[in-house]
Amino acid sequence: MSLNENQHAVREQAVLRILHRHNLSPWARTYWARTYSGLKRARHAASRVLILAHRQELISQADEKLKTVWPCAPSGLLAAGLKQFDSHEPIVIASRDTLATPSRLMDAGQFDYIIVDEAHHVGPEKRSRYRKIFDHLDS
């Protein structure tokens, strides 16, 4: 099913409401230019950053992009599909599905910035994995 222009606009507004409700930065959304801006901000602040993606390919791309922006970034990957489970670094690039498990959510700790790659996949559903993550981090 393909979304028409109005449906895309409604979905974008729902994503922005979720980001706002959970104090997530609206500048950190779909495009890598925004991710780059977010990483530059995080690099100069004492903060923990979560980069959240829904596919392995995007996790690998995020890691590569981070290394080009900040070659010795203190980062870890949390992605079962990549057999990587490092959630204790200041910057964590995580799979939505891997992080959404209760034990990994508890183990990951809190984050100051959350960057959602391809945030248009974050829907308003109350039982989504994204909502589970946001609600946990918001508590």
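**Exercise 1.** Which residues are exposed on the other side of α3?

*Solution.* The model is predicted. Start with the buried residues of α3: L58, I59, A62, D63, L66 and V69. Seen down the helix axis, these buried residues fall within an arc of 140°, so they line one face of α3. On the other side, E64 and T68 are exposed.

**Exercise 2.** Work out what span helix α3 should have, and check it against the model.

*Solution.* Helix α3 covers residues 56-69, which is 14 residues. At 1.5 Å a residue, the helix should span 20 Å. Its end C-alpha atoms are 20 Å apart, so the two values agree.

**Exercise 3.** Find the salt-bridge partner of D63 and place the pair in α3.

*Solution.* D63 forms a salt bridge with K67. Their closest N and O atoms are 3.7 Å apart. The two residues are four apart in helix α3, so about one helical turn separates them. K67 is partly exposed, at 32% relative accessibility.

**Exercise 4.** Trace the salt-bridge network that includes D97.

*Solution.* Take R96 first: its side chain meets that of D97 in a salt bridge, 2.9 Å from N to O. Buried means under 20% relative accessible area. R96 has 18%, so R96 is buried. Next, D97 forms a salt bridge with R129, with closest N and O atoms 2.8 Å apart. This pair links distant parts of the chain: D97 lies in helix α4, R129 in helix α6, 32 residues apart. R129 is partly exposed, at 45%. Together, R96, D97 and R129 form a linked network.

How values were computed
Residues are numbered from 1 along each chain as its sequence is written. This is a predicted model: local features need pLDDT of at least 70, side-chain atom pairs count only at pLDDT 80 or more; totals for chains, interfaces and linings use all residues. Side-chain values use heavy atoms; hydrogens and water are left out. The expected span of a helix is 1.5 Å times one less than its number of residues. Buried means under 20% relative accessible area, exposed over 50%, partly exposed in between (1.4 Å probe, protein chains only). The arc is that of the directions from the helix axis to the C-beta atoms. A salt bridge is a side-chain nitrogen of Lys or Arg within 4 Å of a carboxyl oxygen of Asp or Glu.
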